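This briefing takes up the interior space, the nonpolar surface and the side-chain contacts of the structure shown below. Please keep the sequence and the model in view while reading.

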Amino acid sequence: MAAETVTSTDRLRRARFAVAAVFCVHGAVTGSFATRIPWIQEHAGVSAGQLGLALAFPALGASLAMPLAGAIGHRFGARTALRGLLALWTLSLTLPSIAPNIWGLCGALFVYGATAGMSDVAMNALGVETENRLGKSIMSSLHGMWSVGALIGSAAGTVVAHLGGDARLHHLVAALLLTALGLLFCQGVLDVRSTPDEEAPPRFALPPRSALVIGAIGFCAVFAEGASLDWSAVYLRDALGSSAGLAAASTTAFALTMAVARLAGDRVVDRFGAVRTVRVGGVAATVGGLMVVFAPHAAVAMAGFGLIGLGIAVVVPLAFAAAGRSGPNPSQAIAGVATITYTSGLIAPSAIGGIADATSLVVSFGLVTLLTLGLVAGAGVLRTAGRQTASTPAADGARAKASGPVGG
(Lines give C-alpha, C1' and ligand atoms only; values in the text may rest on other atoms or scores of the structure.)
Protein backbone atom coordinates (compact mmCIF):
# COMPACT_ATOMS: atom_id res chain seq x y z
CA MET A 1 0.00 0.00 0.00
CA ALA A 2 2.75 2.48 0.95
CA ALA A 3 4.72 1.57 -2.17
CA GLU A 4 1.65 2.24 -4.31
CA THR A 5 1.22 5.64 -2.65
CA VAL A 6 4.85 6.57 -3.32
CA THR A 7 4.55 5.44 -6.93
CA SER A 8 1.38 7.46 -7.41
CA THR A 9 2.89 10.54 -5.76
CA ASP A 10 6.04 10.26 -7.84
CA ARG A 11 3.97 9.89 -11.00
CA LEU A 12 2.05 13.07 -10.19
CA ARG A 13 5.26 14.96 -9.50
CA ARG A 14 6.67 13.85 -12.84
CA ALA A 15 3.42 14.85 -14.51
CA ARG A 16 3.64 18.30 -12.92
CA PHE A 17 7.18 18.88 -14.19
CA ALA A 18 6.25 17.51 -17.63
CA VAL A 19 3.26 19.81 -18.08
CA ALA A 20 5.35 22.75 -16.80
CA ALA A 21 7.93 21.98 -19.49
CA VAL A 22 5.14 21.87 -22.09
CA PHE A 23 4.04 25.36 -21.01
CA CYS A 24 7.63 26.53 -21.40
CA VAL A 25 7.84 25.10 -24.94
CA HIS A 26 4.55 26.76 -25.85
CA GLY A 27 5.82 30.13 -24.62
CA ALA A 28 9.11 29.74 -26.46
CA VAL A 29 7.27 29.57 -29.79
CA THR A 30 5.58 32.90 -29.08
CA GLY A 31 8.84 34.52 -28.03
CA SER A 32 10.63 33.20 -31.12
CA PHE A 33 7.97 34.62 -33.42
CA ALA A 34 7.60 38.03 -31.76
CA THR A 35 11.25 39.02 -32.13
CA ARG A 36 11.24 38.42 -35.90
CA ILE A 37 8.09 40.38 -36.77
CA PRO A 38 10.12 43.24 -38.34
CA TRP A 39 11.97 40.75 -40.59
CA ILE A 40 8.68 39.06 -41.53
CA GLN A 41 7.10 42.43 -42.35
CA GLU A 42 9.98 43.37 -44.62
CA HIS A 43 10.11 39.96 -46.32
CA ALA A 44 6.38 39.95 -47.03
CA GLY A 45 6.49 43.58 -48.20
CA VAL A 46 3.57 44.74 -46.05
CA SER A 47 2.90 48.19 -44.66
CA ALA A 48 2.38 48.97 -40.98
CA GLY A 49 -1.38 49.01 -41.49
CA GLN A 50 -1.34 45.68 -43.34
CA LEU A 51 0.81 44.20 -40.59
CA GLY A 52 -1.73 45.34 -38.02
CA LEU A 53 -4.45 43.57 -40.00
CA ALA A 54 -2.38 40.38 -40.28
CA LEU A 55 -1.64 40.35 -36.57
CA ALA A 56 -5.37 40.10 -35.85
CA PHE A 57 -5.49 36.69 -37.57
CA PRO A 58 -3.80 34.66 -34.79
CA ALA A 59 -6.54 35.66 -32.35
CA LEU A 60 -9.19 34.96 -35.00
CA GLY A 61 -7.79 31.51 -35.70
CA ALA A 62 -7.47 30.72 -32.01
CA SER A 63 -11.02 31.83 -31.22
CA LEU A 64 -12.50 29.66 -33.98
CA ALA A 65 -10.35 26.59 -33.32
CA MET A 66 -10.24 26.40 -29.52
CA PRO A 67 -13.68 24.79 -29.16
CA LEU A 68 -12.34 21.82 -31.18
CA ALA A 69 -9.79 20.91 -28.51
CA GLY A 70 -12.33 19.21 -26.23
CA ALA A 71 -13.58 16.90 -28.99
CA ILE A 72 -10.01 16.02 -29.99
CA GLY A 73 -9.08 15.21 -26.39
CA HIS A 74 -12.22 13.08 -25.98
CA ARG A 75 -11.43 11.04 -29.09
CA PHE A 76 -7.70 10.50 -28.70
CA GLY A 77 -7.05 10.96 -24.97
CA ALA A 78 -5.41 13.95 -23.28
CA ARG A 79 -1.79 12.92 -23.80
CA THR A 80 -2.10 12.01 -27.49
CA ALA A 81 -4.17 15.12 -28.18
CA LEU A 82 -1.63 17.37 -26.49
CA ARG A 83 1.26 15.67 -28.30
CA GLY A 84 -0.33 16.22 -31.71
CA LEU A 85 -1.64 19.73 -31.09
CA LEU A 86 1.62 20.93 -29.55
CA ALA A 87 3.59 19.56 -32.52
CA LEU A 88 1.28 21.38 -34.94
CA TRP A 89 1.84 24.59 -32.95
CA THR A 90 5.62 24.33 -32.84
CA LEU A 91 5.83 23.47 -36.54
CA SER A 92 3.51 26.35 -37.45
CA LEU A 93 6.32 28.68 -36.36
CA THR A 94 7.86 28.13 -39.81
CA LEU A 95 4.86 29.52 -41.72
CA PRO A 96 4.87 33.32 -41.16
CA SER A 97 8.50 33.77 -42.23
CA ILE A 98 7.89 32.13 -45.63
CA ALA A 99 4.75 34.14 -46.42
CA PRO A 100 5.36 36.03 -49.72
CA ASN A 101 2.67 38.72 -49.33
CA ILE A 102 -0.12 40.04 -47.12
CA TRP A 103 -2.57 37.27 -48.02
CA GLY A 104 -0.04 34.54 -47.38
CA LEU A 105 0.87 36.17 -44.08
CA CYS A 106 -2.78 36.36 -42.99
CA GLY A 107 -3.27 32.69 -43.83
CA ALA A 108 -0.06 31.65 -42.07
CA LEU A 109 -0.98 33.62 -38.95
CA PHE A 110 -4.50 32.15 -38.95
CA VAL A 111 -3.01 28.62 -38.83
CA TYR A 112 -0.44 29.79 -36.28
CA GLY A 113 -3.20 31.12 -34.03
CA ALA A 114 -5.50 28.12 -34.48
CA THR A 115 -2.82 25.63 -33.45
CA ALA A 116 -1.75 27.92 -30.60
CA GLY A 117 -5.28 28.07 -29.24
CA MET A 118 -6.02 24.35 -29.44
CA SER A 119 -2.74 23.36 -27.78
CA ASP A 120 -3.32 26.10 -25.19
CA VAL A 121 -6.67 24.56 -24.21
CA ALA A 122 -5.22 21.04 -24.13
CA MET A 123 -2.28 21.93 -21.88
CA ASN A 124 -4.40 24.05 -19.53
CA ALA A 125 -6.93 21.23 -19.17
CA LEU A 126 -4.11 18.85 -18.25
CA GLY A 127 -2.68 21.47 -15.90
CA VAL A 128 -6.01 21.72 -14.08
CA GLU A 129 -6.31 17.93 -13.87
CA THR A 130 -2.78 17.66 -12.46
CA GLU A 131 -3.52 20.43 -9.95
CA ASN A 132 -6.70 18.67 -8.81
CA ARG A 133 -4.90 15.38 -8.25
CA LEU A 134 -2.01 17.00 -6.40
CA GLY A 135 -4.44 18.88 -4.19
CA LYS A 136 -2.49 22.15 -4.35
CA SER A 137 -2.22 25.14 -6.64
CA ILE A 138 0.15 24.85 -9.61
CA MET A 139 -1.58 26.84 -12.36
CA SER A 140 0.16 30.10 -11.54
CA SER A 141 3.62 28.56 -11.79
CA LEU A 142 2.63 26.77 -15.01
CA HIS A 143 1.78 30.12 -16.58
CA GLY A 144 4.99 31.46 -15.08
CA MET A 145 6.85 28.77 -16.99
CA TRP A 146 5.07 29.93 -20.14
CA SER A 147 6.48 33.41 -19.47
CA VAL A 148 9.94 31.90 -18.92
CA GLY A 149 9.66 30.11 -22.26
CA ALA A 150 8.61 33.34 -23.96
CA LEU A 151 11.61 35.13 -22.47
CA ILE A 152 13.96 32.34 -23.63
CA GLY A 153 12.51 32.36 -27.13
CA SER A 154 12.66 36.13 -27.40
CA ALA A 155 16.23 36.24 -26.07
CA ALA A 156 17.36 33.70 -28.66
CA GLY A 157 15.48 35.55 -31.38
CA THR A 158 17.05 38.85 -30.35
CA VAL A 159 20.53 37.34 -30.67
CA VAL A 160 19.78 35.88 -34.11
CA ALA A 161 18.23 39.15 -35.28
CA HIS A 162 21.24 41.10 -34.01
CA LEU A 163 23.49 38.82 -36.05
CA GLY A 164 21.35 39.41 -39.13
CA GLY A 165 20.11 35.84 -39.35
CA ASP A 166 17.43 34.82 -41.85
CA ALA A 167 14.14 34.26 -39.98
CA ARG A 168 13.25 31.33 -42.23
CA LEU A 169 16.29 29.36 -41.10
CA HIS A 170 15.97 30.60 -37.53
CA HIS A 171 12.35 29.50 -37.26
CA LEU A 172 12.97 26.18 -38.99
CA VAL A 173 15.70 25.27 -36.50
CA ALA A 174 13.64 26.55 -33.56
CA ALA A 175 10.55 24.67 -34.73
CA LEU A 176 12.39 21.36 -35.09
CA LEU A 177 14.07 21.73 -31.70
CA LEU A 178 10.88 22.76 -29.90
CA THR A 179 8.89 19.99 -31.60
CA ALA A 180 11.39 17.38 -30.39
CA LEU A 181 11.34 18.80 -26.87
CA GLY A 182 7.55 19.01 -26.86
CA LEU A 183 7.15 15.38 -27.92
CA LEU A 184 9.63 14.34 -25.23
CA PHE A 185 7.91 16.28 -22.44
CA CYS A 186 4.44 15.11 -23.48
CA GLN A 187 5.46 11.56 -22.59
CA GLY A 188 5.34 12.48 -18.90
CA VAL A 189 1.94 14.20 -18.68
CA LEU A 190 -1.17 12.48 -17.35
CA ASP A 191 -3.10 10.48 -19.92
CA VAL A 192 -6.72 11.19 -19.05
CA ARG A 193 -9.14 9.25 -21.22
CA SER A 194 -12.90 9.34 -21.55
CA THR A 195 -14.96 6.38 -20.39
CA PRO A 196 -16.59 4.34 -23.19
CA ASP A 197 -20.10 5.52 -22.25
CA GLU A 198 -19.14 9.20 -21.91
CA GLU A 199 -20.87 11.44 -24.45
CA ALA A 200 -18.50 13.24 -26.78
CA PRO A 201 -18.47 17.03 -26.49
CA PRO A 202 -19.77 18.96 -29.50
CA ARG A 203 -17.19 20.05 -32.05
CA PHE A 204 -18.44 23.61 -31.81
CA ALA A 205 -20.44 24.97 -28.89
CA LEU A 206 -21.06 28.26 -27.20
CA PRO A 207 -19.15 28.65 -23.93
CA PRO A 208 -21.15 27.51 -20.87
CA ARG A 209 -22.56 30.23 -18.63
CA SER A 210 -19.96 29.48 -15.94
CA ALA A 211 -17.19 30.16 -18.45
CA LEU A 212 -18.73 33.49 -19.42
CA VAL A 213 -18.77 34.69 -15.81
CA ILE A 214 -15.26 33.47 -15.04
CA GLY A 215 -14.06 34.71 -18.42
CA ALA A 216 -15.18 38.24 -17.54
CA ILE A 217 -12.55 38.31 -14.78
CA GLY A 218 -9.94 37.02 -17.21
CA PHE A 219 -11.05 39.67 -19.72
CA CYS A 220 -10.28 42.47 -17.24
CA ALA A 221 -6.84 41.06 -16.42
CA VAL A 222 -5.82 40.37 -20.03
CA PHE A 223 -7.03 43.81 -21.14
CA ALA A 224 -4.79 45.41 -18.50
CA GLU A 225 -1.92 43.11 -19.51
CA GLY A 226 -2.24 43.84 -23.23
CA ALA A 227 -2.57 47.56 -22.65
CA SER A 228 0.47 47.67 -20.38
CA LEU A 229 2.69 45.52 -22.58
CA ASP A 230 1.88 47.34 -25.81
CA TRP A 231 1.48 50.88 -24.54
CA SER A 232 3.63 51.34 -21.43
CA ALA A 233 6.68 52.42 -23.45
CA VAL A 234 4.58 54.78 -25.56
CA TYR A 235 2.98 56.19 -22.39
CA LEU A 236 6.33 56.99 -20.82
CA ARG A 237 7.61 58.55 -24.04
CA ASP A 238 4.54 60.57 -25.05
CA ALA A 239 2.83 61.38 -21.74
CA LEU A 240 5.93 61.85 -19.59
CA GLY A 241 8.65 62.72 -22.11
CA SER A 242 10.95 59.82 -21.19
CA SER A 243 13.87 58.67 -23.31
CA ALA A 244 13.42 55.73 -25.68
CA GLY A 245 15.66 53.52 -23.54
CA LEU A 246 13.79 54.23 -20.32
CA ALA A 247 10.46 53.76 -22.06
CA ALA A 248 11.52 50.35 -23.41
CA ALA A 249 12.77 49.36 -19.96
CA SER A 250 9.27 49.85 -18.55
CA THR A 251 7.91 47.13 -20.85
CA THR A 252 10.68 44.71 -19.90
CA ALA A 253 10.14 45.43 -16.22
CA PHE A 254 6.42 44.77 -16.58
CA ALA A 255 7.01 41.41 -18.31
CA LEU A 256 9.55 40.33 -15.69
CA THR A 257 7.20 41.31 -12.87
CA MET A 258 4.47 39.16 -14.42
CA ALA A 259 6.79 36.16 -14.79
CA VAL A 260 8.18 36.36 -11.24
CA ALA A 261 4.75 36.86 -9.69
CA ARG A 262 3.35 33.85 -11.53
CA LEU A 263 6.23 31.61 -10.52
CA ALA A 264 5.70 32.57 -6.87
CA GLY A 265 1.91 32.78 -7.04
CA ASP A 266 1.00 29.20 -6.11
CA ARG A 267 2.24 29.54 -2.55
CA VAL A 268 0.19 32.69 -2.09
CA VAL A 269 -2.93 31.04 -3.55
CA ASP A 270 -2.51 27.94 -1.35
CA ARG A 271 -2.19 30.10 1.74
CA PHE A 272 -4.86 32.73 1.12
CA GLY A 273 -7.16 31.19 -1.49
CA ALA A 274 -8.00 32.27 -5.02
CA VAL A 275 -10.66 34.83 -4.15
CA ARG A 276 -8.62 36.72 -1.56
CA THR A 277 -5.50 36.60 -3.75
CA VAL A 278 -7.33 38.11 -6.73
CA ARG A 279 -9.01 40.77 -4.59
CA VAL A 280 -5.73 41.88 -3.07
CA GLY A 281 -4.13 41.71 -6.51
CA GLY A 282 -6.95 43.82 -7.91
CA VAL A 283 -6.34 46.44 -5.23
CA ALA A 284 -2.61 46.46 -6.05
CA ALA A 285 -3.30 46.75 -9.78
CA THR A 286 -5.80 49.56 -9.19
CA VAL A 287 -3.28 51.48 -7.08
CA GLY A 288 -0.75 50.89 -9.86
CA GLY A 289 -3.20 52.22 -12.44
CA LEU A 290 -3.78 55.36 -10.38
CA MET A 291 -0.02 55.84 -10.09
CA VAL A 292 0.26 55.64 -13.89
CA VAL A 293 -2.62 58.06 -14.48
CA PHE A 294 -1.40 60.65 -11.97
CA ALA A 295 2.36 60.07 -12.36
CA PRO A 296 4.36 63.31 -12.15
CA HIS A 297 7.44 61.63 -13.64
CA ALA A 298 8.63 58.36 -15.19
CA ALA A 299 9.74 56.58 -12.00
CA VAL A 300 6.23 56.71 -10.53
CA ALA A 301 4.68 55.45 -13.76
CA MET A 302 7.17 52.57 -13.99
CA ALA A 303 6.36 51.58 -10.41
CA GLY A 304 2.68 51.77 -11.32
CA PHE A 305 3.10 49.47 -14.29
CA GLY A 306 5.01 47.08 -12.02
CA LEU A 307 2.10 47.04 -9.55
CA ILE A 308 -0.34 46.37 -12.39
CA GLY A 309 1.76 43.39 -13.48
CA LEU A 310 2.04 42.11 -9.92
CA GLY A 311 -1.69 42.47 -9.31
CA ILE A 312 -2.97 40.75 -12.44
CA ALA A 313 -0.30 38.05 -12.81
CA VAL A 314 -2.22 35.14 -11.28
CA VAL A 315 -5.71 36.04 -12.49
CA VAL A 316 -5.70 34.16 -15.80
CA PRO A 317 -4.17 30.96 -14.34
CA LEU A 318 -6.81 31.03 -11.59
CA ALA A 319 -9.55 31.66 -14.16
CA PHE A 320 -8.48 28.55 -16.09
CA ALA A 321 -8.35 26.54 -12.87
CA ALA A 322 -11.82 27.72 -11.84
CA ALA A 323 -13.21 26.95 -15.31
CA GLY A 324 -11.79 23.43 -15.14
CA ARG A 325 -13.72 22.81 -11.91
CA SER A 326 -16.91 24.64 -12.84
CA GLY A 327 -18.81 21.92 -14.65
CA PRO A 328 -18.86 18.44 -16.17
CA ASN A 329 -16.85 19.38 -19.28
CA PRO A 330 -13.57 21.05 -18.24
CA SER A 331 -12.19 21.37 -21.79
CA GLN A 332 -15.29 23.17 -23.02
CA ALA A 333 -15.26 25.57 -20.05
CA ILE A 334 -11.52 26.23 -20.44
CA ALA A 335 -11.99 26.80 -24.18
CA GLY A 336 -14.71 29.34 -23.36
CA VAL A 337 -12.50 31.23 -20.91
CA ALA A 338 -9.58 31.07 -23.35
CA THR A 339 -11.73 32.48 -26.15
CA ILE A 340 -12.81 35.42 -23.99
CA THR A 341 -9.26 36.17 -22.87
CA TYR A 342 -7.89 35.91 -26.41
CA THR A 343 -10.59 38.34 -27.53
CA SER A 344 -9.58 40.73 -24.76
CA GLY A 345 -5.96 40.52 -25.83
CA LEU A 346 -7.02 41.25 -29.40
CA ILE A 347 -9.09 44.36 -28.70
CA ALA A 348 -7.06 45.89 -25.87
CA PRO A 349 -4.22 47.45 -27.92
CA SER A 350 -6.56 48.93 -30.53
CA ALA A 351 -9.05 50.12 -27.89
CA ILE A 352 -6.31 51.92 -25.99
CA GLY A 353 -5.12 53.52 -29.22
CA GLY A 354 -8.63 54.57 -30.24
CA ILE A 355 -9.37 56.16 -26.89
CA ALA A 356 -5.98 57.86 -26.92
CA ASP A 357 -6.67 59.33 -30.38
CA ALA A 358 -10.04 60.66 -29.22
CA THR A 359 -8.83 61.89 -25.83
CA SER A 360 -5.40 60.99 -24.41
CA LEU A 361 -3.33 58.06 -23.17
CA VAL A 362 -4.05 59.20 -19.62
CA VAL A 363 -7.76 58.64 -20.20
CA SER A 364 -7.00 55.25 -21.79
CA PHE A 365 -5.24 54.07 -18.66
CA GLY A 366 -8.08 55.44 -16.61
CA LEU A 367 -10.18 52.74 -18.31
CA VAL A 368 -7.51 50.16 -17.48
CA THR A 369 -7.70 51.25 -13.84
CA LEU A 370 -11.48 50.79 -13.81
CA LEU A 371 -11.09 47.27 -15.20
CA THR A 372 -8.55 46.33 -12.53
CA LEU A 373 -11.04 47.57 -9.95
CA GLY A 374 -13.44 45.06 -11.49
CA LEU A 375 -11.13 42.28 -10.28
CA VAL A 376 -11.85 43.35 -6.71
CA ALA A 377 -15.60 43.30 -7.27
CA GLY A 378 -15.75 40.08 -9.29
CA ALA A 379 -13.18 37.86 -7.59
CA GLY A 380 -15.91 35.82 -5.90
CA VAL A 381 -16.72 33.99 -9.16
CA LEU A 382 -13.43 32.11 -8.74
CA ARG A 383 -14.82 30.42 -5.63
CA THR A 384 -15.53 26.99 -7.11
CA ALA A 385 -15.76 23.52 -5.69
CA GLY A 386 -12.72 22.60 -3.65
CA ARG A 387 -9.83 20.72 -5.14
CA GLN A 388 -9.57 17.01 -4.82
CA THR A 389 -7.24 15.88 -2.15
CA ALA A 390 -3.69 14.73 -2.71
CA SER A 391 -3.21 11.37 -4.31
CA THR A 392 -3.81 8.17 -2.39
CA PRO A 393 -4.62 4.72 -3.81
CA ALA A 394 -8.26 5.04 -2.74
CA ALA A 395 -8.58 8.54 -4.11
CA ASP A 396 -6.90 7.49 -7.36
CA GLY A 397 -9.48 4.76 -7.78
CA ALA A 398 -12.36 7.13 -7.15
CA ARG A 399 -10.97 9.69 -9.53
CA ALA A 400 -10.36 7.09 -12.22
CA LYS A 401 -14.06 6.24 -12.12
CA ALA A 402 -14.97 9.90 -12.35
CA SER A 403 -12.59 11.01 -15.09
CA GLY A 404 -11.65 7.87 -16.96
CA PRO A 405 -8.49 5.75 -17.07
CA VAL A 406 -5.17 7.43 -16.58
CA GLY A 407 -1.92 6.27 -18.13
CA GLY A 408 1.27 6.20 -16.12
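The model is a predicted one, and it holds 5 salt bridges. A search of the whole structure also finds 6 aromatic pairs, and there is 1 cavity of 30 Å³ or more. The points below take these features by topic.

**Salt bridges**
- Among the 5 salt bridges of the structure is the one that D10 forms with R13, in which the closest N and O atoms are 3.9 Å apart.
- Both partners of this bridge, D10 and R13, belong to helix 1 (residues 2-34), where they are 3 residues apart, or about one turn of the helix.

**Aromatic pairs**
- Of the 6 aromatic pairs found in the search of the whole structure, one is formed by Y235 and F365, whose ring centres are 5.2 Å apart and whose planes stand at 75 degrees, so the pair is edge-to-face.
- This pair links distant parts of the chain, since Y235 lies in helix 10 (residues 209-240) and F365 in helix 16 (residues 361-378), with the two positions 130 residues apart in numbering.

**Cavity**
- The largest cavity contains about 40 Å³ of space, and its lining is made up of F33, I37, I40, L51, L55, L105 and L109.
- By residue class, this lining divides into 7 nonpolar residues, with no polar and no charged ones.
- Helix 2 (37-44) and helix 7 (102-134) each contribute at least two residues to the lining of the largest cavity.

**Nonpolar surface patch**
- On the surface, L91, L169, L172, V173 and L176 make a nonpolar patch of about 460 Å².
- Helix 9 (residues 167-186) gives the most to this patch, with 4 residues, and L176 is found in helix 9.

Technical notes:
Residues are numbered from 1 along each chain as its sequence is written. This is a predicted model: local features need pLDDT of at least 70, side-chain atom pairs count only at pLDDT 80 or more; totals for chains, interfaces and linings use all residues. Side-chain values use heavy atoms; hydrogens and water are left out. On a 1 Å grid over the protein atoms alone, a cavity is a set of points where a 1.4 Å probe fits but cannot get out, and a pocket is an open set with protein on both sides within 12 Å along at least five of seven lines; lining residues have an atom within 4 Å of a point. Grid points are joined across faces, edges and corners, and a volume is the space filled by probe spheres set on the points. Ala, Val, Leu, Ile, Met, Phe, Trp, Tyr, Cys and Pro count as nonpolar, Asp, Glu, Lys and Arg as charged, and the others, Gly among them, as polar. Patches are made of residues with over 30% relative accessible area and no salt bridge: like charges are joined within 9 Å, nonpolar side chains (Val, Leu, Ile, Met, Phe, Trp, Tyr) within 5 Å. Accessible areas come from the Shrake-Rupley method with a 1.4 Å probe; for residues, only the protein chains shown count as cover. A salt bridge is a side-chain nitrogen of Lys or Arg within 4 Å of a carboxyl oxygen of Asp or Glu. Rings of Phe, Tyr and Trp (its six-membered ring) pair if their centres lie within 6.5 Å; planes under 30 degrees apart count as stacked, over 60 as edge-to-face and the rest as tilted.
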